[in-house]
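Work through the exercises below with the model open. Try each task before reading its solution.

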Amino acid sequence: MEWGIGLLLSVLMGTFVGWFWYKKKKKKTMMVMKSGVPKGNLGWPFIGETLDFIACGYTSRPVSFMDKRKFLHGKVFKTHVLGTPIIVSTDPDVNKVVLRNHGNIFIPAYPKSIRELLGQHSILQMNGDLQKRVHALIGGFLRSPRLKTRITRHIENSVKLILGSWQHMQLIHVQEETKKITFEVLVKVLMSVGPGEDLNFLKREFEEFIKGLICLPIKFPGTRLYKSLKARERLLTMVKKIVEERKLGMEKTDEKSNPIDAVDVLLRDSEESNEKQSLPLDFISGIVIEMMIPGEETVPMAMTLAVKFLSDCPLARHQLMEENMELKKQKTNSAEDCSWTDYLSLPFTQNVINETLRLANIINGVWRKALKEIDIKGFLIPKGWCVLASFISVHMDEENYENPYQFDPWRWEKLGAAVNNNSFTPFGGGQRLCPGLELSRLEISIFLHHLITSYRWVAQEDDIIYFPTVKMKRKLPINVTPLMQLPVVWRIQESLNFGSLSPQQKGAIRNGICTAAMIFKNSNGTVYYGVSSHGTIYFQSSRSPWALFGSFNIECN
Ligand code: HEM
């Protein structure tokens, strides 16, 4: 009996000690959770703080949503937007960890409409080894010098064709025109489809498809999502046909030439390795469709916004013109074509592109979901929570950039190489760093080169809208005049600060007309004039070499 009571007491005692220990541990965990989970406000039931989030997206300062909360709760805070509680990081170090820890801790978490439209095989949603494999294949191909050499000629032709069509147009909508260039280039890179009926079909259906990328996730006949899904089906049929034909062609020939496009790369990968399972044709077709998105959205928007920012900053436009005119002159003199390295090594042009990408924030951040609880810099992100690594907040933070709202391409002269910098992530980072980074830069550089060396433009009033994606309210209307058609004096006004001219030089411009002293004919009979970067005209004779003055030349008839 005593033995029984003793046992009972020991069991009770053990249970009590166990319970006490468990409670203490739980309390400790709760305390860690409480002190570690970022502060913030989840707002109203269901809608959370979505209304404020969207309202800020329609202003010229979309980052004000983040700024307000950053001020109240710190650089990492919690909120509830677009139907989900979320932890927002505006801290570059935290963003870096989120981007790097991809796969094992963080997986992409995109809104439902995007998930539905891109389908289960989307590269943006796949994880693990498959994502690594596809990313490496696409990245390797897009970065290869062989592709860049080949595609440079193609981009040039496409840019010249579109710019040429502006000759007799007064008003241009930059946002629409740039899409024509970038979509055509990307479809060529992806599946070698050139201008014609097929391209028109792809463009038409793709425009219908992309409208549903951010919309209410309701799909029955008549809804936006439904229409976009139908367009995707039609796109898939056509792309799959191209992929199948290519596969058949490859089976018929034993010759192994270099891959010509992304379809080739994806098909060959499975062929060349016996260990790897071949990628299904549906899967390849889906990836190809998904990769058309930058041709319709991101790259044309970057070009459009560069034009917008340059229009508002004549000094930058002038310096860009000088640099590109110099390249044009060199190439004309040596009777050579510009190579991709020529375009990418124009320092000021690259600074303009960096600054455009920083200020425009075309992809304003990435959404991830935590698969495990993780502590980053003292912030506890509980398992299952979504994290928004906000790039726009970092790009527009005074701590990282002086006068962040000012378009200042010269800041990059001090900041140096932009890549690998946590505070500059327009192309994301880590394992999902955009594989189209270099192609995008090349396309934008070629577009800016030909635009600035062929046209003078005046932009009409327009505003940037940041929600749901970055767009111009009026598609950026500009009035263009081909440089060749400008009276000489226009070209001079374009680049001169008249106040800095000496009386003798001023005498060369009478009533806005250039006198012969400023005009120069070379041996071919081409007329030039030279202008320095500081707006001083140099009188030149046929014996003084142009390079001596570091001036640029504009040809005129
Ligand atoms: C200015 C133009 C562009 C910008 C700003 C941009 C931005 C980005 C960003 C931020 C990501 C990371 C997404 C994430 O981490 O979830 C990304 C991924 C990606 N981008 Fe771009 N991109 C541009 C152009 C292009 C081009 C021209 C292509 C070529 C086809 C491309 C193909 C891709 C692909 C395939 C991914 C997914 C990579 C993966 O998840 O493994 N992008 N891009």
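Two residues are in contact if their C-beta atoms, placed from the backbone, lie within 7 Å. This is a predicted model, in which local features need pLDDT of at least 70, side-chain atom pairs count only at pLDDT 80 or more, and totals for chains, interfaces and linings use all residues. Residues are numbered from 1 along each chain as its sequence is written.

**Exercise 1. Place Cys434 and classify its exposure.**

Step 1. Find the segment. Cys434 sits in the loop between α19 (411–415) and α20. Helices (H or I, at least four residues) and strands (E, at least two) are DSSP runs, numbered from the N terminus.

Step 2. Apply the burial rule. A residue is buried if 20 or more other C-beta atoms lie within 10 Å of its own, exposed if 12 or fewer, and partly exposed in between, with C-beta atoms placed from the backbone. Cys434 has 19 other C-beta atoms within 10 Å, so Cys434 is partly exposed.

Step 3. List contacts. Leaving out residues up to four places away in sequence, Cys434 touches Phe427 and Gly428.

Step 4. Check the record. The unreviewed UniProt entry has a "binding site" annotation that covers Cys434. UniProt positions are given in the numbering used here, feature names are shortened, and annotations may be inferred rather than shown by experiment.

**Exercise 2. Describe the shell around the ligand.**

Step 1. Collect the residues near the ligand (C-beta atom, placed from the backbone, within 6 Å of it). There are 23 residues around the ligand, and Pro294, Gly428, Arg432, Cys434 and Gly436 come nearest.

Step 2. Assign elements. Two or more residues each come from α6 (128–143), α14 (298–311) and α20 (437–454).

**Exercise 3. Analyse helix α7 and Ser158.**

Step 1. Compare spans. Helix α7 (residues 145–164) has 20 residues and reaches 28 Å from its first C-alpha to its last, close to the 28 Å expected. The expected span is 1.5 Å times one less than the number of residues.

Step 2. Look for a bend (the angle between axes fitted to the seven residues ending at a residue and the seven starting there). A kink of about 30 degrees is centred on Ile151.

Step 3. Find the packing partners. The buried residues of α7 include Ile151, Ile155 and Ser158. The buried residues of α7 pack against α6, α8 (174–191), α16 (340–344), α20 and β9 (455–459).

Step 4. Why is Ser158 buried? Ser158 counts as buried because it has 22 C-beta neighbours inside 10 Å. Its contacts, not counting residues up to four places away in sequence, are Ile181, Glu184 and Val185.
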